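Visitor: I am new to this structure and would like a close look at a single part of it. Could you choose a residue inside a helix and show me how the rest fits around it?

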Amino acid sequence: MVERTRTGRFPVGLRRALIAFALAQFICSFAGSNMNVMITDISADLNTSVQGVQLAITLFLLVMAALMIPGGKLTDSLGRKRCLQLGLLLFGGGALLSAVAPNLAVLVVGYSILEGVGTALLIPPVYILTTLLFRDIGSRARAFGAISAMGGIGAVAGPLLGGFIAYAVSWRAAFVVQALIVVLIVLLARRAVHDPLPADHSRPFDVGGAVLSAAGLVLIVLGILAADDDPRLTVGLVIAGVLVLTWFFLSVRARERAGREPLLPTSLFRNRASNLGLITQNMQWLMVMGTSFVVSTYLQVVKGYNAIETGAVFTATTVGVLLSSLFAERMARRRAQRTLILAGFAVTVAGIALLLALGGGADSIWSLVPGLFIIGLGLGGMLTPSVNVVQSSFGEDLQGEISGLSRSVSNLGSSLGAALAGTILVAGVSSAEPGRAYVWAMLAVAAAGLIGLTAAWFLPRTRPA
């Protein structure tokens, strides 16, 4: 059990570990969204297009999603702290390479590949170690609340901070800041973070399953990205992705029947609450990244605003997330997690409606603020309950697998948000009515919210303990 001081605070060592975990989630979420406000700067500097930068962003999110499940599984054989350290090393190296990238190809290697792989290695240990170190439900909920809140803040504050850095210095400086934060995390985690469970080097790793799961996800997202160029290619890639994922699940069942350990046990998909919670996570992060990418791109490419002006608009979303996060723990003691998730989706969809009603065709940049603020309130209130629903559905023996699956599903939502909503927008920004493309892209994001709302409705009606 986690011990508390008389003031109710965690011991110093656990506080430092929690700060390291929260910063790790923050920097990974920040890396996924801060590029959105630097699209025009990067495309001009590297002599590429908006589609090129969109590809780099989507590939980063996709690499995270595709490798998060294998990353979670590796924590058992390599050890959770070692995976965390290796992930931080790759992430920091990728950030430095991106900072000096002379062209889009090098940026893709540093940002999309190295930072994406690093994130897939370091995020599963964050959630597994939190589950192991904070043993009682109250402490774990408080810890997950801090980590999830920092993830949400990183995602919605990314445009603001990235815009400020790009305007004051350069877009390259944003990657230097990422590397510096990684150094801080390493220093905090060096002594404060310990692994309660020893690594089991004898545990087998399902290489075939890892390849199939990653390939299936990649094919589906690449298919969505190809929609504005060749709809037939989109259909072909999506069908191929579904077939590969079907092959993956059949291989999992075959390994289990043969008595061999698969990449993911099928028992993970037999828990109703967890399955519904995973759907809500996917839709939440689709809305986070979809809104960030669409609004940022529209303001820069269509309206002509610079990075700092675009980032400043997202202050409203950041404030909304912060306010709802401040009350998250108090609300979790009074309301069922299902209620909080339902309310979060309802408020977020209402925020999108307000965003379109007030800012769809207005010339003033500030007309977007009320809608973005409401969106932030809704997102901040439901991110933590969804994590709690999924992680708490399984025991310690499956924390590696469920953490990897949970983070993979969340990052797949982010990549789908950038790919789906982004493709709708990018396909229409060069038309005579780019505002119509913006509306359709945001309606696609709102549709994801309705899907999440429906999934949340069927969550168990449990009251807080």
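Guide: Happily; we will start with the whole protein, settle on Phe 60 in helix α3, and then step outward to a few other places.

Please keep in mind that this is a predicted model. The protein is built with 17 helices and 0 strands. Its C-alpha atoms fill a box of roughly 60 × 50 × 45 Å along the principal axes. A compact globule with 465 residues would have a radius of gyration near 23 Å, and the 21 Å of this protein agrees with that. Of the 465 residues, 58% count as buried. When contacts between residues at least 6 apart in sequence are considered, 83% of them join residues at least 24 apart.

Now for the close look. Phe 60 sits in helix α3, which covers residues 50–78. Its relative accessibility is 0%, and because buried means under 20%, Phe 60 counts as buried. What does Phe 60 touch, leaving aside its neighbours within four places in sequence? The contacts are Cys 28, Ala 31, Gly 32, Tyr 111, Ser 112, Glu 115, Gly 116 and Thr 119. Take Thr 119 from that list: Phe 60 and Thr 119 are 59 residues apart in sequence, yet their C-alpha atoms are 9.4 Å apart in space.

Helix α1 spans residues 12–33, and Phe 60 has Cys 28, Ala 31 and Gly 32 among its contacts. At 1.5 Å a residue, the 22 residues of α1 should span 32 Å, and the end C-alpha atoms are indeed 32 Å apart. Of those 22 residues, 17 are buried, so α1 is largely enclosed by the rest of the structure.

Just before α3 comes a contrast. Asn 47 is in the loop between α2 (39–45) and α3. Is Asn 47 buried or exposed? With a relative accessible area of 73%, Asn 47 is exposed. The backbone of Asn 47 is worth a glance too, since most residues other than glycine have a negative phi. Phi of Asn 47 is near 55 degrees, a positive value.

Further along the chain, helix α11 (residues 307–313) holds Thr 310. Thr 310 has a relative accessibility of 0% and counts as buried. Beyond its neighbours within four places in sequence, Thr 310 is in contact with Val 37, Ser 296, Leu 299, Gln 300 and Tyr 305.

Helix α15, residues 369–391, can be read in the manner of α1: its 23 residues should span 33 Å, and its end C-alpha atoms are 34 Å apart, which agrees. Here 17 of the 23 residues are buried, so α15 is largely enclosed by the rest of the structure.

One last stop is Met 442 in helix α17 (residues 434–457). Met 442 is buried, with a relative accessible area of 0%. Apart from neighbours within four places in sequence, Met 442 is in contact with Thr 291, Val 294, Val 295, Ile 352, Leu 355 and Leu 356. Phe 394 is 48 residues from Met 442 along the chain, and their C-alpha atoms are separated by 35 Å.

Finally, a look at the outside. The accessible surface of the protein comes to about 18100 Å², with 66% of it belonging to carbon and sulfur atoms. There are 33 positive and 21 negative side chains, and the centres of the two sets lie 11 Å apart.

Methods. Residues are numbered from 1 along each chain as its sequence is written. This is a predicted model: local features need pLDDT of at least 70, side-chain atom pairs count only at pLDDT 80 or more; totals for chains, interfaces and linings use all residues. Side-chain values use heavy atoms; hydrogens and water are left out. Helices (H or I, at least four residues) and strands (E, at least two) are DSSP runs, numbered from the N terminus. The radius of gyration is taken over C-alpha atoms; the globule rule is 2.2 Å times the number of residues to the power 0.38. Buried means under 20% relative accessible area, exposed over 50%, partly exposed in between (1.4 Å probe, protein chains only). Contact means heavy atoms within 4.5 Å. Accessible areas come from the Shrake-Rupley method with a 1.4 Å probe; for residues, only the protein chains shown count as cover. Lys and Arg count as positive and Asp and Glu as negative; His and the chain ends are not counted. The place of a charge is taken as NZ of Lys, CZ of Arg, CG of Asp or CD of Glu. The expected span of a helix is 1.5 Å times one less than its number of residues.
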